[in-house]
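Open the structure in a viewer that can select residues by number. The stops below say what to select next and what is there.

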Amino acid sequence: GGAGGMTSGARPGVNVVGYLRSETGVGEAARAIVRGLRAEGHHVACTAVHSPDGARQGDASAGALTNAAPHDLSIVCVNANQVDVVRRELGPAFFTGRYNIGVWFWELDTFPAGEPALAVFDELWAASTFVQRALADVAPVPVVHVGLPVTPPAASAPAHARLGLAADRPVVLFVFDALSVVARKNPLAVVEAYQRAFADDLGRAQLVIKASRLELFPDDHRALAAAVAAVGGRLIDHYLTRAELGALFHAATIYISLHRSEGFGLTMA
């Protein structure tokens, strides 16, 4: 059997809730889960909720959004601090009479024991064993390590010219979202590491840092722009389409991340 008394062998249908149009890591995590479930033959009904952070809503790769939840099993891909917001948006009945799984990201090794969202779910999924350990210490329900399905960006023609990069020098790349806490993503350390590695000839390679929403943090923006310029690098702080971002990853020779902590590390994967 399965959810809702389904016959043995049938793939249970799943409702997936998340920031399914949002151009963020948490949005991409929800889309990855949708892709993984569909690849395994599950019927997936997608419900998009409002992104709390003002991120662009241009990612349509999850396909049609039914905003209906016909299944007995729901996977809710929003972090603990946004669960109450989503419950208000969807209405409490959405969570009633269903098996509810929360997919949470967390970047520290201890999790607040009094988090009220812990009471909402029958099960939690953690994308890394690091997050699993942090949640399992306090969660009253099973915490399961479920790695995110990772889909490489589609291959594309070399994008060096389109992105303003030299085709004859290795590209050293770092990509981050400033709203994920600049100090945690640690981009200045990337510049320092590049400077040390290529001190004898900074022009032997080319450093590229792609940052989203850096304009929200003017001091960090100025400091990073100055540091990147000082090593002859390139700071891309404007919007790239999904295809352009994929082309940038394909152009990279080295990917570097000197983050102070990560719940999963999607750009590295």
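Select Arg242 and Glu28 and show their side chains: in this predicted model they meet in a salt bridge, with N and O 3.4 Å apart. Arg242 sits in helix α8 (residues 242-251) and Glu28 in helix α1, so this pair ties together parts that are 214 residues apart in sequence. Arg242 is partly exposed, its relative accessible area being 45%, while Glu28 is buried at 16%.

Keep Glu28 and add Arg35. These two side chains also form a salt bridge, at 2.7 Å from N to O. Arg35 has a relative accessibility of 25% and counts as partly exposed. Now add Arg31 to the selection: Glu28, Arg31, Arg35 and Arg242 are linked in a network of salt bridges.

How many salt bridges does the structure hold? There are twelve. For one of them, select Glu40 and Arg11, whose closest N and O atoms are 3.7 Å apart. Glu40 is in the loop between α1 (25-39) and β2, and Arg11 is in the segment before β1, so the salt bridge connects parts 29 residues apart in sequence. Glu40 is partly exposed, with a relative accessible area of 47%, and Arg11 is partly exposed too, at 46%.

**The six-stranded sheet**

Next, switch to a cartoon view and find the open sheet of six strands. Its order is β2-β1-β3-β4-β5-β6, and the pairing is parallel. At the edges stand β2 (44-48) and β6 (143-145); each has a single partner strand, so one side of each has no neighbour in the sheet. From one strand to the next, the twist averages 25°. Strands of a sheet pair through backbone hydrogen bonds, in either a parallel or an antiparallel sense.

Select residues 14-18 and 73-77, which are strands β1 and β3. Four bridges join them in the parallel sense. Which residue of β3 is the bridge partner of Val17? The partner is Val76.

Now select residues 129-136, helix α3. This helix lies across β5 (123-126) and β6, and runs at about 170° to β6. From there, go to Pro140, in the loop between α3 and β6. Is Pro140 buried or exposed? Pro140 is exposed, with a relative accessible area of 64%. Add Leu118 and look at the C-alpha atoms: those of Pro140 and Leu118 are separated by 7.3 Å, although the two residues are 22 apart along the chain.

**Two cysteines**

Select Cys46 and Cys77 and show their sulfur atoms. A disulfide is a covalent bond between the sulfur atoms of two cysteines. How many disulfides does a search of the whole structure find? The search finds zero. Cys46 is in no disulfide, and its nearest cysteine sulfur, in Cys77, is 9.6 Å away. Seen from Cys77, the closest cysteine sulfur is that of Cys46, and the 9.6 Å between them is too far for a bond, because a disulfide requires sulfur atoms within 2.5 Å. Cys46 is buried, with 0% relative accessibility, and Cys77 is buried as well, at 3%.

**The four-stranded sheet**

Return to the cartoon view and find the open sheet of four strands. The order is β9-β8-β7-β10, again with parallel pairing. Its edge strands are β9 (234-236) and β10 (254-255), each pairing on one side only.

Select residues 171-177, strand β7, together with β10. The two strands run parallel and are joined by two bridges. Within this pairing, where is the bridge partner of Leu173? The partner lies in β10 and is Tyr255.

Add residues 187-197, helix α6. This helix packs on the sheet and touches β7 and β8 (206-212), with its direction making about 175° with that of β8.

For the last stop, select α8 again. The helix lies across β7, β8, β9 and β10, and runs at about 140° to β7. Arg242, from the opening selection, belongs to this helix, and its salt-bridge partner Glu28 belongs to α1.

Definitions and conventions
Residues numbered from 1 in each chain as written. Predicted model: local features only at pLDDT ≥ 70, side-chain atom pairs only at ≥ 80, totals over all residues. Heavy atoms only, no water. Pairing = 2+ DSSP bridges. Axes fitted to C-alpha atoms, helices over the stretch in contact; angles between N-to-C directions. Contact = heavy atoms within 4.5 Å. Salt bridge = Lys/Arg side-chain N within 4 Å of Asp/Glu carboxyl O. Buried < 20%, exposed > 50% of the residue type's maximum accessible area, 1.4 Å probe, protein only.
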